[in-house]
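Got your viewer open? Load the model, turn on cartoon and side chains, and follow along stop by stop.

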Amino acid sequence: MKSGGSFQPATRFGALLLAIIATTGRAHAQPARDVVSEEALRQQVTLAPNLKSQLSSKARPLTSPAPAIESSLWKNSIILADGETFTLVPVGAILHLPVELRTRVVAKPQGDFTFWPSFLKRNAAWLAAKEVSLTLSRGNAQEANALLKSLSYDPRLVVATYKEGPITILEPATASSGANRTPP
């Protein structure tokens, strides 16, 4: 200390730090953590349940038969192929299929799967999409007749789409069955 009773800056900082520690209670020692020996840790691990035992206790065997390999997606779809790739469209989505393009509809997939938008772009020379309304897709006979007349001379395979995705066009309801139905 200097004579005259003033503190040096380092001494002032130290005094301030001691005052803060004393008021906040941080000067107390933290409790020590227990250190586990390797042997004790190995015993804890052997006593803990492992994943296999947990799965066997929670997993239940199947009570119903496994689903068929031929899923409903394949059963309810038509496969269109170009020789290298194929795509799926729902049954009832093809609006117009010229005789010379019937070989494009196949029973088993050939090549690599391609999603509809890519397949359509790739095969635009022989494949087309026709955007339809929801009323037409539900079987509106008047709209269906007008659409089919407009497509009758198109040389391409035409698929019905709604919001750019293939959609099934339902058959128009007959008068006798329509009387018993309620609208959806």
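**Stop 1: a salt-bridge network**

Start by selecting Glu84 and Arg122: their side chains meet in a salt bridge, 2.5 Å from N to O. Glu84 sits in the loop between β1 and β2 while Arg122 belongs to helix α5, so this pair ties together parts that are 38 residues apart in sequence. Keep in mind as you look that this is a predicted model.

Now add Asp82 to the selection. Asp82 also forms a salt bridge with Arg122, and here the closest N and O atoms are 2.7 Å apart. This pair, too, links distant parts of the chain: Arg122 is in helix α5 (residues 116-122), Asp82 is in the loop between β1 and β2, and their positions lie 40 residues apart in the numbering, counted as 40 residues apart. With Asp82, Glu84 and Arg122 on screen together, you have a network of salt bridges.

Switch on a surface and ask: which of these residues are buried, exposed or partly exposed? Asp82 counts as buried, because its relative accessible area is 17% and the cut-off for buried is under 20%. Glu84 is exposed, at 55%, and Arg122 is partly exposed, at 44%.

**Stop 2: another salt bridge**

How many salt bridges does the structure hold? The count is four. For another one, select Asp154 and Arg156, whose closest N and O atoms are 3.2 Å apart. Asp154 is buried, with a relative accessible area of 17%, whereas Arg156 is partly exposed at 31%.

**Stop 3: the open sheet**

Go back to the loop that holds Asp82 and Glu84, and colour the strands on either side of it. Strand β1 covers residues 77-81 and strand β2 covers residues 85-90; the two pair in the antiparallel sense over five bridges. To check the register, pick Ile78: its bridge partner in β2 is Val89.

Next, bring in the neighbours. β1 and β2 are part of an open sheet of four strands, in the order β4-β1-β2-β5, with mixed pairing. The edge strands are β4 (105-106) and β5 (112-113), each of which pairs on one side only. If you have hydrogen bonds displayed, look along the backbone: strands of a sheet pair through backbone hydrogen bonds, either parallel or antiparallel.

**Stop 4: strand β7 and its partners**

Select residues 157-162. This is strand β7, and it is mostly covered: five of its six residues are buried. Leave β7 highlighted and add its partners one by one.

- Strand β6 (residues 127-131) pairs with β7 in the parallel sense over five bridges. Click Leu127 and you'll find it opposite Leu157 in β7.
- Strand β3 (residues 94-96) pairs with β7 in the antiparallel sense, over two bridges. Here Ile94 stands opposite Val159 in β7.
- Strand β8 (residues 165-166) is joined to β7 by two bridges, and the two run antiparallel. Look for Tyr162 opposite Gly165 in β8.

Zoom in on the connection between β7 and β8. The two form a hairpin with two residues between them. What is the phi of Lys163 in the turn? It is positive, at about 55°.

**Stop 5: a nonpolar patch**

Rotate to find Val36, Leu41 and Val45, and show them as surface. Together they make a nonpolar surface patch of about 270 Å². Val36 is in the loop between α1 (9-24) and α2 (38-47). At 46% relative accessibility, Val36 counts as partly exposed.

**Last stop: zoom out**

Finish with the whole chain in view. The protein chain has eight helices and eight strands. Of its 184 residues, 21% count as buried. With the full surface on, the chain exposes about 14600 Å², and carbon and sulfur atoms supply 59% of that. If you draw contacts between residues at least 6 apart in sequence, 71% of them join residues at least 24 apart. The salt bridge between Arg122 and Asp82, where you began to build the network, links parts of the chain 40 residues apart.

Key. Residues numbered from 1 in each chain as written. Predicted model: local features only at pLDDT ≥ 70, side-chain atom pairs only at ≥ 80, totals over all residues. Heavy atoms only, no water. Pairing = 2+ DSSP bridges. Buried < 20%, exposed > 50% of the residue type's maximum accessible area, 1.4 Å probe, protein only. Contact = heavy atoms within 4.5 Å. Areas by Shrake-Rupley, 256 points an atom, 1.4 Å probe, with all protein chains shown as cover. Patch = residues over 30% accessible without salt bridge, like charges linked within 9 Å, V, L, I, M, F, W, Y side chains within 5 Å.
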